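Here is my note on the model, point by point. Please keep the sequence and the 3D view open while you read.

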Amino acid sequence: MRRRVTPVGGRGAGAAAAALILGGAGVLLGVAVPPAQAAEVSFATHCVPPAGIDPVDGTTKVEITAPATAKVGDTVDIVWKFAQAASKNPDIIDLPANSVQPSGTLKAAGAQTADLAMQGPRENPAIPKGGAMVLSDMKGTLKLTAPGEVTLTPDAYTVNAMSTDTKCTPTETVQKAATIEVTAGDGSSPSPSPTPSDSASPSATPTPTATPTPTPSASASESDGTGGGQTDFTGKEVQVPYACKTPIGDKSATSPVQINARKQGGSYDLTVQFKKSVMDSPADIPKDSVKPSMEVVLGGADKGTVHVEGPMNPAAIKSGDPIEIPDLTGTYKPGASGTSTLSPGVLTVEALGTTTTCTPTESEVSLTLDTAAQPGGAAGGSSSSGGSSTGGGATGGGLAATGSDDHGAVKALGLVAGTAILLGAAVFTFMPRRRTR
């Protein structure tokens, strides 16, 4: 009869040894990595969307994750997670994926005080009209400068939806969401002041590309409008202030525009030029979705307007790619003889069934021409039909005091062609980046 022999220190000893190893590993891990803590707080919040949309009062729920313990001199990572945003996507249009970016402020108090800049990436699923806002986690860092208890409390935050901002502010005292117990460092002296996270998104500052114009104001070499004189006329780049009516509100800004002309018989082929795009597209834009046009204002001897327009975007624009702005073209058939001026006029941008109209608040001449009246021309101040399929005089004098166009408007509207919000509130967000000549 066989007897089963269990080696000394067998199964039971092995289990004990394994437990000791795991326990030891846990102790080591506990020493090397300070435990993290996560706490959720909720607070009443007042949110102010872009102009044209009513403010919203709701509840924000936030979870803050930070190490429970650290020492002076450490730089700790902090995460702000949205369990619930106070406002929803307005019932205007669907927001595409990766079009929403949150940023905010986290207040540190106690042993040291600081306002920490928090920001999340532009990452989100597609959000339907009226749907809950799904916001990415925001992150920031804090350098610890003094021993003691440091508390972390959420404060105001901003939701940027493809260049439009909704600003949300607490309307009650917010409870602390996390606490860090800070111990003295290993003989190191603390930093004199806290270093908040430098996580704010930097604004891209593109190199200005304005091209000097050799002729501030060009004029024909003969007054009868015929003959073998000058045929190409280069206007000067002018800075024009605009007031824009968008689908969801009013906006204003100043933008550069230049009008050039080429003489063809007694008429002139006009080209309204916009400079290169100063920003990249923050989201995908479908092809054939943006159509710009403008009414060039006539003055001097002639009166009325000339319609110019650009082609729709011929191809889809990928997120991150530059927005190329087409030239606006049309034909000017003079309606009067003498010295006539051309100024930027009302700009209209149609995109995905919406229309934005930008009207200048001041007028400045870009091009001066010596013209000769042509049959069917702009007809110096009285209403008349245009002399070509692409343009001609239309209204007499009613727009003479206006002169509008906007390179930045077309760019921003192109950027936001996917949504009415973008077509509205953010039209001119990036225009100040262009250097004024």
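1. Strand pairing. Strand β14 (residues 267–273) and β17 run antiparallel, joined by five bridges. One bridge places D269 of β14 opposite T331 in β17. Strands here are DSSP runs of E of at least two residues, numbered from the N terminus. Two strands pair if DSSP finds at least two bridges between them.

2. Setting of β17. How many of the five residues of strand β17 are buried? Four are, so the strand (residues 328–332) is largely enclosed by the rest of the structure. Buried means under 20% relative accessible area, exposed means over 50%, and partly exposed lies in between (1.4 Å probe, protein chains only).

3. Basis of the model. This is a predicted model: local features need pLDDT of at least 70, side-chain atom pairs count only at pLDDT 80 or more, and totals for chains, interfaces and linings use all residues. Residues are numbered from 1 along each chain as its sequence is written, and side-chain values use heavy atoms, with hydrogens and water left out.

4. Disulfide count. The structure holds two disulfides. The criterion is a pair of cysteine sulfur atoms within 2.5 Å. Counting bonded cysteines along the chain, the pattern is 1-2, 3-4. A disulfide is a covalent bond between the sulfur atoms of two cysteines.

5. C47 and C168. The sulfur atoms of this disulfide are 2.2 Å apart. The link is right-handed, with 115° about the S-S bond. C47 sits in strand β1 (residues 36–48) and C168 in strand β9 (residues 164–170), so this pair links distant parts of the chain, 121 residues apart. Both ends are buried: C47 has a relative accessible area of 0%, and C168 has 1%.

6. C244 and C358. Here the S to S distance is 2.0 Å. This link is right-handed too, with 115° about the S-S bond. C244 belongs to strand β12 and C358 to strand β20, distant parts of the chain that lie 114 residues apart. Are these cysteines buried or exposed? Both C244 and C358 are buried.

7. Salt bridges. How many salt bridges does the rule give? The count comes to seven. The rule asks for a side-chain nitrogen of Lys or Arg within 4 Å of a carboxyl oxygen of Asp or Glu. Three of them follow, among them two with partners in separate loops.

8. K129 and D94. Their side chains meet at 3.6 Å, N to O. K129 lies in the loop between β6 (114–119) and β7 (138–143), and D94 in the loop between β4 (75–84) and β5 (100–110), so the pair ties together parts that are 35 residues apart in sequence. K129 is partly exposed at 40% relative accessible area. D94 is also partly exposed, at 39%.

9. E364 and K236. The closest N and O atoms of this salt bridge are 3.6 Å apart. E364 is in the loop between β20 (354–360) and β21 (367–371). K236 is in the loop between β11 (232–234) and β12 (238–246). The two are 128 residues apart, and the pair links distant parts of the chain. E364 is partly exposed at 32%, and K236 is partly exposed at 27%.

10. D115 and K107. This salt bridge has an N to O distance of 3.0 Å. D115 is partly exposed, with 46% relative accessibility. K107 is partly exposed as well, at 35%.
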